[in-house]
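Reader: I'm new to this one, so could you take me through a single part of it up close? I'd like to hear about the aromatic rings and what sits around them.

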Amino acid sequence: MPELTTLPSSLLPIGIAVIGCGRISGAHLAAVAALPKQVRLVAAVDADLAAARVAAKPLGALALSSLEEALALPEVEAVLIATPNALHAQQCLAALRAGRHVLVEKPVAETGEQAAGLAREAEARGLVLAAGHTFRHNAAVRHIVDNRERFGRLRSLEVSSCVKWDGPQAPWWAERKPEEGLILSLFAPHALDFVQLVMGDDDPVRVHAEAARHQPGWQGEDEAMILMAYPGRRMASVHISYNQPSVLDRKVLHFDKGVLEIEHGEILSWNGEVLITPPEGVLVDPRAMGGRTLGHYFSDQLAEFVRAVHGQPHRCPTGHDAARLIALIDRVKASARTNSAADAIDPPPPA
Ligand SMILES: NC(=O)c1ccc[n+]([C@@H]2O[C@H](COP(=O)([O-])OP(=O)(O)OC[C@H]3O[C@@H](n4cnc5c(N)ncnc54)[C@H](O)[C@@H]3O)[C@@H](O)[C@H]2O)c1
């Protein structure tokens with residue numbers, strides 16, 4: 001057994017700090033705990049030190065109250081940023097400038113310009129900037145990516161991702177201004193990441209979005225439909241909602257040889273024949289909120305990030321690829337504001 005210090009760095013766990021110990025941090029911390037050979041938690045960081053302590057304790061890590069304190073620790077080689085959206089760009093930049101790899105929750109930044117700047121910074125420093133597009137890390141999506149040629153030529157693609165959030169899930173959801181976007185910033189990144197993954201290197205030539213606000217507890221839009229035209233006469237539509245109590249998560253891809261469908265995020269079928277099913281226990285009650293277990297997404301995502309840090313082939317959207325998605329979200333938000341602000345988003349929703 002070689003001494004730890006003589007092991008190649010790719011065999012040592014990466015020292016990581018989780019920044020932001022709120023709702024989603026539990027999934028990230030469970031992923032860290034599940035991958036002890038790949039990562040070790042050096043510090044849990046939250047502006048609320050009590051929250052950092054709760055997160056740090058089970059993994060024997062330090063509890064800190066600022067990103068800067070974590071970046072001062074040489075053992076921190078990478079940071080996982082899970083703070084409110086408005087902080088992502090500045091925290092990513094600080095971490096990259098301090099020479100750390102970054103896995104940041106979606107969206108990478110609030111604007112395409114910020115995201116492109118981060119991608120340039122990461123590239124110039126030879127660091128990984130990876131976006132947490134969690135839901136690409138599943139067997140059904142991977143099967144499509146890996147077997148893309150078998151299905152023929154893609155004509156069109158429909159994504160429906162409709163859930164029920166009964167008001168703000170964190171205080172900052174309510175504070176977001178309509179022009180900053182609510183569902184288009186918080187939820188659209190998942191659906192649009194799938195579209196971009198399937199469409200490859202192409203960005204849409206045209207984007208049209210309509211959005212509406214139905215709930216009074218926030219200012220931004222909570223329902224949206226997006227229609228995109230891609231090069232090669234391909235089209236994609238996305239319907240996202242925070243207003244649907246019977247959860248609907250469906251992706252339908254129309255190829256010249258047939259139809260691929262992903263139902264409940266997990267079950268892949270080709271012309272009605274089931275190709276991929278999830279492990280037992282993942283789909284508990286998929287039409288209910290919280291009716292799917294999601295832990296495997298976060299551990300698979302973290303494992304892919306570690307591969308990226310080691311310079312190995314990986315499945316994380318990184319750098320300029322991650323920034324492309326934020327540029328697309330800029331276009332979607334602009335279209336929604338132009339089309340829908342005056343009569344569907346800004347006025348108070350009906351009582
Ligand atoms: N991938 C997914 O499926 C998924 C799901 C939920 C949320 N998210 C993303 O994760 C991020 C966090 O969302 P959440 O729901 O956990 O929010 P949250 O508000 O519950 O948690 C954010 C935490 O960050 C802390 N914080 C605030 N400012 C800080 C600072 N300057 N330094 C350190 N910590 C600070 C807060 O105290 C809070 O504990 C968001 O960007 C959201 O879009 C992703």
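Author: Searching the whole structure turns up 10 aromatic pairs; rings of Phe, Tyr and Trp (its six-membered ring) pair if their centres lie within 6.5 Å, with planes under 30 degrees apart called stacked, over 60 edge-to-face and the rest tilted. One of them is W165 with W173, an edge-to-face pair at 6.2 Å centre to centre and 85° between the planes. W165 counts as partly exposed because its relative accessibility is 24%, while W173 is down at 4%, so W173 counts as buried. (Buried is under 20% relative accessible area, exposed is over 50%, and partly exposed is in between, using a 1.4 Å probe and protein chains only.)

W173 also pairs with Y242: the centres are 5.6 Å apart and the planes sit at 15°, so this pair is stacked. It ties together distant parts of the chain, 69 residues apart, with W173 in helix α7 (residues 171-175) and Y242 in the loop between β10 (234-241) and β11 (243-255). Helices (H or I, at least four residues) and strands (E, at least two) are DSSP runs, numbered from the N terminus. Like W173, Y242 is buried.

Zoom out a little, and ring pairs join W165, W172, W173, F187, W218 and Y242 into a cluster. W165 has a charged visitor too: R23 lies over its face, 5.4 Å from the ring centre. That label needs NZ of Lys or CZ of Arg within 6 Å of the ring centre and within 35 degrees of the ring normal. K251 does likewise with F194, its charged end sitting over the ring at 5.4 Å from the centre.

Keep in mind that this is a predicted model: local features need pLDDT of at least 70, side-chain atom pairs count only at pLDDT 80 or more, and totals for chains, interfaces and linings use all residues. Residues are numbered from 1 along each chain as its sequence is written, and side-chain values use heavy atoms, leaving out hydrogens and water.
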